[in-house]
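User: I would like to go through the metal site and the ligand pocket of this model. Please keep the answers brisk.
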Amino acid sequence: MHRQVIARTSCRVCHNKKIVKVIDLGSTPAANAFLTKKQLNKLEPIFPLQVFFCSRCGQLQLGHVVAPELLFRNYVYASSTSATFRNHFVGYAQKIYQRFKLTVNSLVVDIGSNDGILLKPFKQYGLKVLGIDPARRIARQATKEGIPTWPEFFDSQVAKKIVEKFGPAQIVTANNVFAHVDNLSELIKGIKILLAKDGVFVIEVPYLANLIKKNLFDTIYHEHLSYFSLRPLIKLFSLQKMMVFDVERVSSHGGSIRVFTQSINSPRQVSDRVKSLLSLEKKMGLNKKLTYVKLAQIINQNRMRLKNIIDKLISQDKQIIGYGAPAKGNTLLNYFKIDKHILKYIVDDSSYKQGLFTPGTHIQVANPNRIVKDKPDYILILAWNFANEIMEKLHWFKKTGGKFIIPIPRPKVV
Ligand code: DWN
Ligand code: ZN
């Protein structure tokens with residue numbers, strides 16, 4: 001039996017023991033721990049959701065690690081549910097394919113490959129692809145759909161097995177998963193085993209600068225152990241004799257960075273973009289504790305603002321439902337105390353989530369068809385990163401007088 005949660009006392013990047021707590025979101029269930037009807041009466045495990053800052057390397061991180069087996073084996077999140085996200089990865093594959101002049105013999109390995117959202121377009125170029133993802137059901141489904149996916153947590157042992165079977169990889173990717181890993185040096189050790197000599201390891205992670213600028217506090221939940229900026233990432237890789245040689249800003253999840261790394265012995269030059277992002281980070285004060293103390297204040301102001309909007313609507317007998325049941329929605333619902341008495345239900349297009357209930361707040365997740373029948377007055381868009389896609393889909397709702405509430409970066413009605 002795994003321990004459900006462990007507290008960390010040192011920085012995940014530089015091992016500094018003097019990390020300080022800057023944000024405390026109380027204790028909440030795991031954000032993707034949706035419940036069946038039967039589970040509603042059982043006690044839900046909750047874990048502290050506290051954010052710590054390391055003033056030595058600048059890393060922002062959670063102080064508690066929930067057992068990965070608990071978080072990721074029965075995962076309900078399928079990346080391909082959103083068309084915006086699918087298109088994002090088609091563009092990603094195309095760029096990497098062209099930039100690194102991949103050929104049919106090149107092997108691409110994606111860590112945390114989920115339903116194969118990135119490997120599908122890579123496969124269309126005729127490349128050899130392999131996904132690694134511990135979510136058993138999703139890995140099985142991806143394999144069925146033609147993307148071989150090993151249901152494993154990636155580490156040095158898995159890396160060795162891949163190399164034995166397929167040889168080294170030209171490209172290894174890890175998108176929206178690097179922040180989920182506690183032992184980052186073990187992960188990078190595995191990458192070094194897996195990569196061809198001149199191979200490239202590309203990661204995409206939500207960018208701390210965007211989190212700060214747009215108050216994306218709800219992206220704080222137990223799966224996200226790190227909130228990365230470039231400076232600590234450079235430090236992390238250099239400790240393992242790897243280097244960051246390029247970085248791009250991309251729009252995913254309210255703003256992310258795509259970071260390109262290689263062995264320190266590889267010949268590629270470090271791009272100017274690295275330097276300019278580092279200076280932006282300094283200008284924004286990402287290296288200062290005060291920046292995060294201020295964020296905690298803004299979170300609480302926005303909590304009051306959204307509460308006022310909702311209280312007013314409820315007093316007018318308006319019906320409010322939610323659109324999208326993302327993991328981050330559960331941070332927002334739990335911290336803002338918006339439960340089944342406020343939101344009648346939430347709709348989500350993912351069949352993995354429909355019929356389940358949100359952790360902590362117990363709001364039912366339904367099929368979006370229900371909106372057509374029910375015609376609620378207001379829709380709170382919890383998947384705010386896809387607000388445009390969702391509002392376009394619900395054009396008819398707006399036309400018939402329905403309104404949307406967008407909670408982030410500052411709660412507003414549109
Ligand atoms: O890092 C992570 C990111 C990549 O994905 C994970 N830890 C978990 C997950 O975060 P999330 O759950 O906040 O991700 P999304 O992609 O913002 O979730 C959007 C939700 O909204 C999904 O459940 C799908 C749903 N959705 C929908 O039902 N209809 C989304 C769109 C665009 C739609 O049209
Ligand atoms: Zn540190």
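User: Which residues coordinate the zinc ion (ligand 2)?
Analyst: This is a predicted model. Each donor is an SG atom, at 2.3 Å from the zinc ion (ligand 2). In sequence the donor residues follow the spacing C-x2-C-x39-C-x2-C. They are Cys 11, Cys 14, Cys 54 and Cys 57.

User: What arrangement do the four donor atoms around the zinc ion (ligand 2) make?
Analyst: Four donors count as tetrahedral if all angles lie between 85 and 135 degrees. Around the zinc ion (ligand 2) the angles run from 101 to 116 degrees, so the arrangement is tetrahedral.

User: Is Cys 14 buried or exposed?
Analyst: Buried means under 20% relative accessible area. Cys 11 meets that with 0%. Cys 14 has 10% relative accessibility, so Cys 14 counts as buried.

User: How much of ligand 1 does the protein bury?
Analyst: Oxygen atoms of ligand 1 make several polar contacts. One lies 3.0 Å from a polar side-chain atom of His 224. Another pair, at 2.8 Å, involves an N or O atom in the side chain of Lys 353. Taken alone, ligand 1 exposes 710 Å², and the share buried by the protein is 97%.

User: Which element gives the largest share of the shell around ligand 1?
Analyst: Two elements give two or more residues each: helix H11 (327–336) and helix H13 (387–393). The largest share is three residues, and it comes from H13.

User: How many charged residues does the shell around ligand 1 have?
Analyst: There are 25 residues around ligand 1, and among the nearest are Glu 223, Lys 328 and Asp 348. By class, 10 are nonpolar and eight polar. The charged residues number seven.

Methods
Residues are numbered from 1 along each chain as its sequence is written. Chains are lettered from A and ligands numbered from 1 in the order in which they are written. This is a predicted model: local features need pLDDT of at least 70, side-chain atom pairs count only at pLDDT 80 or more; totals for chains, interfaces and linings use all residues. Side-chain values use heavy atoms; hydrogens and water are left out. Donors are N, O and S atoms within 2.8 Å of the metal (3.2 Å for Na, K and Ca); water is not among the atoms, so sites may look incomplete. Four donors count as tetrahedral if all angles lie between 85 and 135 degrees; four count as square planar and six as octahedral if opposite donors are over 155 degrees apart and all others between 65 and 115; anything else is irregular. Buried means under 20% relative accessible area, exposed over 50%, partly exposed in between (1.4 Å probe, protein chains only). A residue is near a molecule or strand if one of its heavy atoms lies within 4 Å of it. A polar contact is a pair of N or O atoms within 3.5 Å; within protein, one must be able to donate a hydrogen and the other to accept it, and residues adjacent in sequence count only if both atoms are side-chain atoms. Accessible areas come from the Shrake-Rupley method with a 1.4 Å probe; for residues, only the protein chains shown count as cover. Helices (H or I, at least four residues) and strands (E, at least two) are DSSP runs, numbered from the N terminus. Ala, Val, Leu, Ile, Met, Phe, Trp, Tyr, Cys and Pro count as nonpolar, Asp, Glu, Lys and Arg as charged, and the others, Gly among them, as polar.
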